[in-house]
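Student: Could you take me on a close look at one part of this structure? I'd like to see how a single residue sits in its chain.

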Amino acid sequence: MLVKWLDHQTVDEAGADASPLLRLSGITKRFLTVTALQDVSFDLRRGEVHALCGENGAGKSTLMKILSGQLLPDAGEIVFKGRPVRFASTPQAQTAGIAMIHQELNLVPHLSVAENIFLAREPKRGPFIDRQRLHADTQRCLARLGVDIEPGAIVRTLSVAQRQMVEIAKALSVRAEVLIMDEPTSSLTEAETERLFEVIGELKRAGVALVYISHRLDEMARIVDRVTVLRDGRHVSTDDFAATTVDEVVVRMVGRALDDKFPPATRVPSRDVLLSVQNLARRGVFEDVSFELRRGEILGFSGLMGAGRTEVARAVFGADLPDAGTVRLGERELQIRSPRDAIAHGIAYLSEDRKGHGLALNMTVAQNVSLANMAGVANGLGFIRFAQEASVAQRYVDSLAIRTPSTRQVVRLLSGGNQQKVVVAKWLFRDSHVLFFDEPTRGIDVGAKYAIYKLLDELAAQGIGVVLISSELPEILGMTDRVAVFHAGRVRAVLDTRHTNSEEIMQHASGRLAASAT
Amino acid sequence: MNDRQKDLFQKFAALASLLGLTLVFAFVSDAFLSLGNGMTVALQVTSIAYLGIGATCVIITGGIDLSVGAILALSGVVSALAVKGGAPVPLGMLAGLLVGALCGAINGLAITWLRLPPFIATLGMMLVARGVALQITDAKAIGGLGDSFAELGNGSLWRVVKVGADGFPDVSFPGIPYPVLLMVVLAVAVAVLLNRTTLGRHLYAIGSNSEAARLSGVHVRGVTLFAYVLSGALAGLTGCVLASRLVTAQPSEGLMYELDAIAAAVIGGTSLSGGVGTISGTVIGAFVIGILRNGLNMGGVSAFTQQIVIGLVILLTVWIDQMRHRR
């Protein structure tokens, strides 16, 4: 009964129903003195994927929070299926048929898939949960999506992609007609992204209207019908995707033309080896990993999700201990037992999970910058010199162009790109000369990405060895000097970036080419 | 409001409620606002404050210490037994202090090396320490400890006594009791530690995000261990001071004191989720509890009603704190 709607709402394949299913008009929202949205209009048709683009702070999330009942607008109107509506809470919006899938997935990790999908709506027999029906209904939901997940599986044990499918199944089980997806592909592999797009295609055919928020503009072309751009809380444009280009969308988002996605290289990689890793292994995770990092170069770590890139970086950094292998800094063999040891040798690792592993979010910019090098701002007795700490932080705020009202600002309140720069400042202040950047541009604006790329190049130009771990091939091709391609816990190839292309890298990453090295 | 203003607001709110309470009680009872009663309150507050200072450090790291009430009983009886056994008083008290620090170290090791949740590790220690205290004393109080043992808890600095014309001594200034002096010194020292030293900064960093702290090279285990050792040592000190004040060590001393300590920290704005807290706030929190007890006592309110009132005050202040953090 919960999935029956899929059958009778099917629209023809030719295109979306022209009359809007949902229309927001004149939406305005203020927070104290800040106007987050000013007279924004947005509409959604049955069976379309409508992309919502804009830099961080443009008002995308605020608009979607209003649509999904998390916030009430100060002014404006929402018309859903021809009737004006007002959602005071998420359950209200859900009951009406509007569901949102958050970037940070909202599942209970210790419950099963079935228990999550029907959380607070469990089918009951008397006072007890009807387990058989719970599982049968779940099975049907998942089968409709064409995904192969056990209803009894505990969510904690699932991959991010699988969890996302569970979220989608959950949204559909409440008969959602409008589905809002916030950065759904940000942590998916290529194959998983492919599968997600197939599911999105099926949802479109079933008449579901999707709002799609993503920073990955290139991949949107495959699924998006229309695109709306917001900038500084105002509506900029709404177009058929076919009638515009990604470049045009970017220009509207940032309000100026971006000449290049990647800055010109100013670095000159040297021949001398800075860091040499040999036969590094961690049982069941990666084995026989060897690579060299040269002074002043950017070395890419490419590969599919789970190929062992992050794990190798963490092992070199001492965050997880390897079982075998050697790490040499110049001529010297290092004994790294903890991050403290690695840091003492000038090796730093910038986690892909900025908020979870990189920053103390409730502490200030200055406190985060000095965290890895307290001795640098304290006297011999361990007393902090506050004036010095503030001036150090200010120096990095200036040199890295960190946008913050002051060095006393709490890091939580900064944008993603600026948070990333604070992490970089922390390691520069520690005088690190080997930097592992793990997905440094994930979830960061187009404009801010360019700044991060420029920073990577400048760091390398200063003679620092930079390792760039990235799932985005254009980033690898645009930013690195050499690239180590990982597959199933092994380095399959180390390629010269100038003489390779995305096909060759993908061949190695998927394990279809035999191992080779240059 | 930015965070700085919010912080001031929170502190001001706690301080305002403290002044409000004082005013109300002064109005209700004439005897409340006298120098003598002020000293009584200050003395009563000292033990909550010592324990609260330790609790603040532990809670800032995101932990909790439930064992301090039991540790103070154990430390008290150990120092008393040592003195009874012929040790000089300072040495006996040092033994009590060290026992407290040792218990704290065991807590810390259980948490950092055995990776037990702080709640469980210190719950276990609470039972063990209390059990040992009862065992070694046969559940009997130890009295007759002599005048020098009583000095720490009952003596005071700058006490001015004049011998009157009638030959009787006349106390013209009661002096500052040593326990109060100790409280001020400890509060200042730990506040400086938290705000001005790298160790203090690391305590906050661990509570704010322990993984980020570890990956930044902070010695997370060592620093966490320190917080529990400090909490244990302060509990040991509290045990000695209490035993000295009563000139008796009781193995059943300090029941539920850990909850007063946590309450003082929380009323003072320390967040149980870690990363947030100040010593000044905790001391204010300790005084809120102390003045409530004292004022309600003087107003003739029954002990049962006092519990109800203090419980409600805790709920109210934590609710205000939550409101402050909601966006």
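Tutor: Chain A splits into domain 1 (5-254), domain 2 (261-346 + 433-518) and domain 3 (357-431). Keep in mind that this is a predicted model. The C-alpha centres of domain 1 and domain 3 of chain A are 37 Å apart.

Now let's zoom in on A:Ala169, which you'll find in helix α6 (residues 160-173) of chain A. Is A:Ala169 buried or exposed? Count its surroundings: A:Ala169 has 25 other C-beta atoms within 10 Å, and 20 or more is enough to be called buried, so buried it is. Who's around it? If you skip the neighbours within four places in sequence, A:Ala169 is in contact with A:Ile117, A:Cys141, A:Leu142 and A:Leu145. You can also check A:Arg144: this residue is 25 positions away from A:Ala169 in sequence, yet their C-alpha atoms are 8.6 Å apart in space.

Stepping back out, chain A also meets chain B: 24 residues of chain A are in contact with 20 residues of chain B. On the chain A side, α11 (339-344) and α12 (354-358) each supply at least two of the touching residues. Sort that side by class and you get 15 nonpolar, 7 polar and 2 charged residues.

And the partner? Chain B has 13 helices and 4 strands. Its radius of gyration is 20 Å, close to the 20 Å the globule rule gives for 327 residues, so chain B is as compact as a globular protein of that length. Of those 327 residues, 48% count as buried.

Methods. Residues are numbered from 1 along each chain as its sequence is written. Chains are lettered from A and ligands numbered from 1 in the order in which they are written. This is a predicted model: local features need pLDDT of at least 70, side-chain atom pairs count only at pLDDT 80 or more; totals for chains, interfaces and linings use all residues. Two residues are in contact if their C-beta atoms, placed from the backbone, lie within 7 Å. Ala, Val, Leu, Ile, Met, Phe, Trp, Tyr, Cys and Pro count as nonpolar, Asp, Glu, Lys and Arg as charged, and the others, Gly among them, as polar. A residue is buried if 20 or more other C-beta atoms lie within 10 Å of its own, exposed if 12 or fewer, and partly exposed in between; C-beta atoms are placed from the backbone. Domain bounds come from an automatic or database domain assignment. The radius of gyration is taken over C-alpha atoms; the globule rule is 2.2 Å times the number of residues to the power 0.38.
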